[in-house]
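This report concerns selected structural features of one protein. The sequence and the structure are shown first, followed by the description.

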Amino acid sequence: MRDPLATTLRSGAAGALRIEDAGRTVMLCGWIHRRRDHGGLVFFDLRDRYGLVQCVANPETLAASSFAVAEKIRAGDVVQVEGAVARRPEASANPDLPSGGIEVRVSDCRLLSETATPPIPVDAEKDSGEVAEDIRLRWRFLELRRPGLTGSLGMRHKIAFETRRWFDGRGFWEIETPMLTRRTPEGARDYLVPSRVHPGNFYALPQSPQLYKQMLMVAGYDRYFQIARCFRDEDLRADRQPEFTQIDVEMSFVGQDDVLETVDGLFRHLFSSCLGVTLGEIPRLTHAESLRRFGTDKPDLRIPNELVEITSAFEGSGFRIFDSVIGSGGLLVALRVPGGAEASRSVIDRWTESARAAGAAGLVWARRGAEGWSSSIDKFVGPERWSLAGERAGAAPGDLLLVVADRPHPARTVLGALRSQLARERGWIRDADDWRLAWIVDFPLFEAAEAGRVAPSHHPFTAPTGGMEALAGDPLAISAQAYDLVLNGYELGSGSIRIHEREVQERVFELLGIGAEEAKVKFGFLLEALEYGAPPHGGIAVGLDRIAMLFAGASSLREVIAFPKTTSASALLEGAPSPVSEDELSELHLRVIPPSGPA
């Protein structure tokens with residue numbers, strides 16, 4: 001059978017050759033990766049997307065014109081070679097290379113394209129950090145030649161392909177939803193697109209296909225998914241980009257367990273097909289439990305140490321700060337640092353600064369040494385109190401306790417952030433290939449906002465647990481049928497069972513301060529659809545970029561996106577965003593107002 005990679009110019013891929021190809025005559029095309037002269041012989045590594053293979057040009061067996069090309073070529077040139085695949089001498093075989101047991105003995109060599117001197121190195125497996133990121137992104141088409149980036153984009157393709165294959169086998173249809181849509185408040189700023197034919201009006205690029213996929217459920221398409229492009233005009237960081245891709249899912253006639261079990265199945269398939277990993281049980285933790293144990297709703301379950309509440313050990317201690325916190329309903333929360341009693345004062349001071357940066361007023365520490373307990377507040381609190389606290393925290397001789405006293409939420413979240421920091425610093429995560437997924441469930445429906453108002457914890461289309469009756473009570477006490485999927489400290493996806501009854505949706509809008517007229521203007525098409533036989537439905541959106549980043553072992557989303565933006569949302573390769581002419585602005589009925597203030 002003809003090689004599917006064969007074309008007019010090549011018989012197959014250079015990087016796909018293996019020991020079983022020995023004896024074949026091949027025609028290959030690719031880039032020169034490295035070239036070296038050895039006693040009259042010219043060796044060069046020919047690279048394509050599939051890898052590289054060593055080629056040998058011998059002046060005794062090669063035409064003079066072809067050998068002249070082999071002597072002239074340099075890294076980055078594009079060549080076509082013909083030759084016989086042969087086993088390498090055992091002493092020169094490269095066991096670290098898939099094609100390291102063979103070489104191509106060149107019978108013809110042709111230069112297809114010369115290269116200019118590249119402004120950045122492209123032969124390193126991974127970015128060394130020696131070249132500034134803005135330079136690398138400016139020359140991204142060269143950086144993409146790096147084997148590490150090639151492997152990352154290959155992993156991304158595999159994830160998307162296997163996702164489609166898995167959903168197709170379970171009755172899901174991939175349906176595309178519009179990219180030019182109406183602006184709806186979803187928690188972040190929209191990218192707006194001016195309409196030329198409707199002066200003064202704008203489209204919005206979608207933050208998600210949320211309302212469209214709910215419309216599809218009303219339409220009867222009960223199993224939908226989409227590898228969807230989405231846009232959010234918000235500040236960037238290593239795991240966030242202004243345009244991103246998500247695996248978007250919606251299902252009808254389901255409860256929460258149905259959605260979670262479906263996504264469990266998808267991830268078991270992705271881990272197996274992309275990484276060769278068999279997942280264990282995926283636990284479910286309530287939002288409250290996750291905060292109590294780990295100080296975050298994105299827990300990294302690889303970290304062995306959990307937070308411990310030690311409030312009762314200090315009731316009536318006489319220490320004014322502790323007594324004030326306890327008396328006002330606050331907590332004392334501790335993190336045990338195994339072997340931390342030997343930490344220097346400067347190290348503890350650095351941890352204290354981290355706690356303050358996370359919102360704590362301060363950090364109390366206590367050591368369990370050979371002589372017993374000592375602490376940073378010895379003159380206020382005796383060792384017997386610390387002995388009781390240490391017993392509850394499971395402290396052994398040589399351990400250190402770090403304690404935050406504050407209102408419950410900040411006390412836990414501060415120590416949760418410190419827990420993650422110490423895990424990195426002290427090597428608490430011992431197995432880099434340990435994959436720990438978890439579901440976080442039972443989120444609050446609302447969270448407190450400014451001026452005594454409430455905001456949705458997820459989005460305003462999430463169904464409350466208990467339906468309409470639950471909406472009659474304290475908004476901050478209402479539980480949501482919402483769930484997040486987390487992996488090793490990263491949120492992979494967020495979803496919920498949706499509201500499918502108009503009166504419930506209108507009541508949620510009312511609690512959010514969205515009146516009937518405003519709701520009609522912003523969400524009229526959704527409210528209208530809910531009157532025409534909307535089925536119970538729910539779904540989730542999972543970040544494809546983030547999955548690819550973790551599967552590829554990358555440190556940034558930019559490593560798994562072909563042409564990413566910078567942290568200022570600039571595209572340095574093509575120079576976007578860019579100004580447009582007055583004529584173009586006029587055609588769109590726009591004018592630019594210069595920023596005020598000093599330049």
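## A buried acidic residue, a helix and a barrel

In this predicted model, Asp 264 is buried yet forms no salt bridge. The nearest side chain of opposite charge belongs to Arg 284, at 4.6 Å, and a salt bridge would require a side-chain nitrogen of Lys or Arg within 4 Å of a carboxyl oxygen. Asp 264 is part of helix α6. Leaving aside residues up to four places away in sequence, Asp 264 touches Ile 282 and Trp 439.

Helix α6 (256-275) also takes part in covering the buried residues of helix α4. Those buried residues are Gly 148, Leu 149, Ser 152, Met 155, Arg 156, Ile 159, Ala 160, Glu 162, Thr 163, Trp 166 and Phe 167. The elements that cover them include the following.

| Element covering α4 | Residues |
|---|---|
| α3 | 140-143 |
| β9 | 223-231 |
| β10 | 243-252 |
| α6 | 256-275 |
| α15 | 544-551 |

Helix α4 itself comprises residues 147-168; at 1.5 Å a residue, its 22 residues should span 32 Å, and the 31 Å between its end C-alpha atoms agrees with this.

Elsewhere, 5 strands form a closed barrel in the order β1-β2-β3-β5-β4, with mixed pairing. On average, neighbouring strands of this sheet are turned by 55° against each other, direction ignored. Strands β3 (residues 51-57) and β5 (residues 102-113) run parallel and are joined by 2 bridges, with Val 56 standing opposite Arg 105 in β5. Helix α1 (residues 64-72) packs on the sheet, where α1 touches β1 (25-38), β2 (41-48), β3 and β5. The direction of α1 makes about 85° with that of β5.

Terms used
Residues are numbered from 1 along each chain as its sequence is written. This is a predicted model: local features need pLDDT of at least 70, side-chain atom pairs count only at pLDDT 80 or more; totals for chains, interfaces and linings use all residues. Side-chain values use heavy atoms; hydrogens and water are left out. Two strands pair if DSSP finds at least two bridges between them. Helices (H or I, at least four residues) and strands (E, at least two) are DSSP runs, numbered from the N terminus. Axes are lines fitted to C-alpha atoms, for helices over the stretch in contact, and angles run from 0 to 180 degrees between N-to-C directions. Contact means heavy atoms within 4.5 Å. The expected span of a helix is 1.5 Å times one less than its number of residues. Buried means under 20% relative accessible area, exposed over 50%, partly exposed in between (1.4 Å probe, protein chains only). Lys and Arg count as positive and Asp and Glu as negative; His and the chain ends are not counted.
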